[in-house]
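Here is a friendly walk through the strands, helices and charged pairs of one model. Have the viewer open as you read.

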Amino acid sequence: MKQDQPIVYVVSDSVGETAELVVKAAASQFNGANIQIRRIPYVEDTATVNEVIDQAKETNGLIAFTLVVPEIRKHLEEEAFKANIPLYDILSPMMQMLQTRFNKTPRNEPGIMHTLDEDYFRKVEAIEFAVKYDDGRDPRGVLRADVVLVGVSRTSKTPLSQYLAHKRLKVANIPLVPEVDPPNELFEIPASKVIGLTISPEKLNSIRTERLKALGLKEQANYANVNRIRTELDYSNRLMEKIGCKVIDVSNKAVEETANLIYHMIQVKNE
C-alpha cells in the first residue's frame, strides 16, 4: 500500500532522538515536507530490522538510522539494498572521520552518550509515563505519578502532561465525565498531587466546535452543546472540590503558562 505522505523510519539501537532531530532539521528546509516520522528505538536484533524493512517497502518509505553494532547495521544495509529502500546512515560518516583522525577504533556500543546521563533517563522515563497513563488509560498510574491532572475533555491535559514530562515530572491525567465514575485511586493520593483544570463554558464551546470541524463532524453535536458543557463543568468542579485539589482556570492561558504554574506548585510542595 503506497502512501502520498512520505514516511521516514528512524531506526536506532538507542533512544533514536538524535536521528529524529536530524530528520526534522532536514525536513524543516522543505517547510516540514509534510512527512511522517516513525521512530523505532532499541533495535537489538535482525528480526526487528526485517519488520522495519517490510513496513518501509509497503509504504514506500525511507529509513534513517543510528546503528553502531556492526552486525545489525550491515543487515539493515543489505536488506534495504535488496528492497530498493532509500537508506541514510547518520553516524557512520562522522565516526569514520574521527577514526581516521585519531587512529582509534570506535567502541560500537549503543547508548553510550546517555549511559551516565541520569537526568536524560529521568526525562525519557517521564515522557513514557505520560504516554502510558494518558487520558485515564490505566488508573494505576495515579498512584505512581508526581502529579495528576483532572478536567473535562479539551482542557489541555495531554499537552500539559507532555510539557511537564520534559521537566522530568511523571504525569497522569484523568478525563472527568459525568457518566463515568472517577477511579478510586484518585482519592487514595494526597490532594496536593492533584491539579484540577477548569475553563469557561464559552471558551470550551469554541475549542470543541473547532475540534468537530477539524474532524469533519457537525458542529451541533452534543460534544459542543453549551448545556452539555455546563453540565460537565459543574460535575468536574464539584469533584475537584470533593478532592480538595488546587484548580487552574486555563481559559486564557497558553499551555506553557499553565505548565509553569503547575511545575511551580509541585516544586513548592516538595521543598
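## Sheets and salt bridges

Glu179 is exposed, with a relative accessible area of 55%. Please keep in mind that this is a predicted model. The side chain of Glu179 meets that of Arg228 in a salt bridge, with N and O 2.7 Å apart. Arg228 sits in helix α10 (residues 226-243), while Glu179 belongs to the loop between β6 and β7 (194-198), so this pair ties together parts that are 49 residues apart in sequence. Unlike its exposed partner, with a relative accessible area of 55%, Arg228 counts as buried, at 16% relative accessibility.

Helix α10 takes part in another charged pair: Arg208 forms a salt bridge with Glu232, the closest N and O atoms being 2.8 Å apart. Arg208 lies in helix α9 (residues 201-214) and Glu232 in helix α10, so to speak two distant parts of the chain, 24 residues apart. Both Arg208 and Glu232 are buried. Through shared partners, salt bridges join Glu179, Arg208, Arg228 and Glu232 into one network.

The structure holds 11 salt bridges. The table gives some of them.

| Basic residue | Acidic residue | N to O distance |
|---|---|---|
| Lys170 | Glu125 | 3.0 Å |
| Arg228 | Glu179 | 2.7 Å |
| Arg208 | Glu232 | 2.8 Å |

What does the pair of Lys170 and Glu125 tie together? Lys170 is in the loop between α8 (157-165) and β6 (171-175), and Glu125 is in helix α6 (residues 118-132), so the salt bridge connects parts that are 45 residues apart in sequence. Glu125 is partly exposed, its relative accessible area being 40%.

### The sheet with β5 to β8

Now to the strands. An open sheet of 4 strands has the order β6-β5-β7-β8, with parallel pairing. At its edges stand β6 and β8 (246-249), each with a single partner strand, so one side of each has no neighbour in the sheet. From one strand to the next, the twist averages 25 degrees.

Is strand β6 largely enclosed or left open by the rest of the structure? Of its 5 residues, 4 are buried, so β6 is largely enclosed. Strand β5 (residues 147-151) pairs with β6 in the parallel sense over 5 bridges. Along this pairing, Val147 stands opposite Val171, and Val148 stands opposite Ala172. Together, β5, α8 and β6 make a right-handed β-α-β unit.

Two helices can be placed against this sheet. Helix α8 packs on it, touching β5, β6 and β7, and its direction makes about 175 degrees with that of β6. Helix α10, which carries Arg228, lies across β5, β7 and β8 and runs at about 155 degrees to β7.

### The sheet with β1 to β4

Another open sheet of 4 strands is ordered β2-β1-β3-β4, with parallel pairing. Its edge strands are β2 (36-40) and β4 (87-89), each pairing on one side only. Neighbouring strands here are turned by 20 degrees against each other on average, direction ignored.

Strand β3 (residues 62-66) runs parallel to β4 and is joined to it by 3 bridges. Phe65 stands opposite Asp89 in β4. Helix α2 (residues 46-59) packs on the sheet, touching β1 (7-12), β2 and β3, with its direction at about 170 degrees to that of β1. Helix α3 (residues 70-83) lies across β3 and β4 and runs at about 155 degrees to β4.

Technical notes. Residues are numbered from 1 along each chain as its sequence is written. This is a predicted model: local features need pLDDT of at least 70, side-chain atom pairs count only at pLDDT 80 or more; totals for chains, interfaces and linings use all residues. Side-chain values use heavy atoms; hydrogens and water are left out. Two strands pair if DSSP finds at least two bridges between them. Axes are lines fitted to C-alpha atoms, for helices over the stretch in contact, and angles run from 0 to 180 degrees between N-to-C directions. Contact means heavy atoms within 4.5 Å. A salt bridge is a side-chain nitrogen of Lys or Arg within 4 Å of a carboxyl oxygen of Asp or Glu. Buried means under 20% relative accessible area, exposed over 50%, partly exposed in between (1.4 Å probe, protein chains only). A crossover is right-handed if, with the strands pointing away from the viewer, the path from the first strand over the helix to the second runs clockwise.
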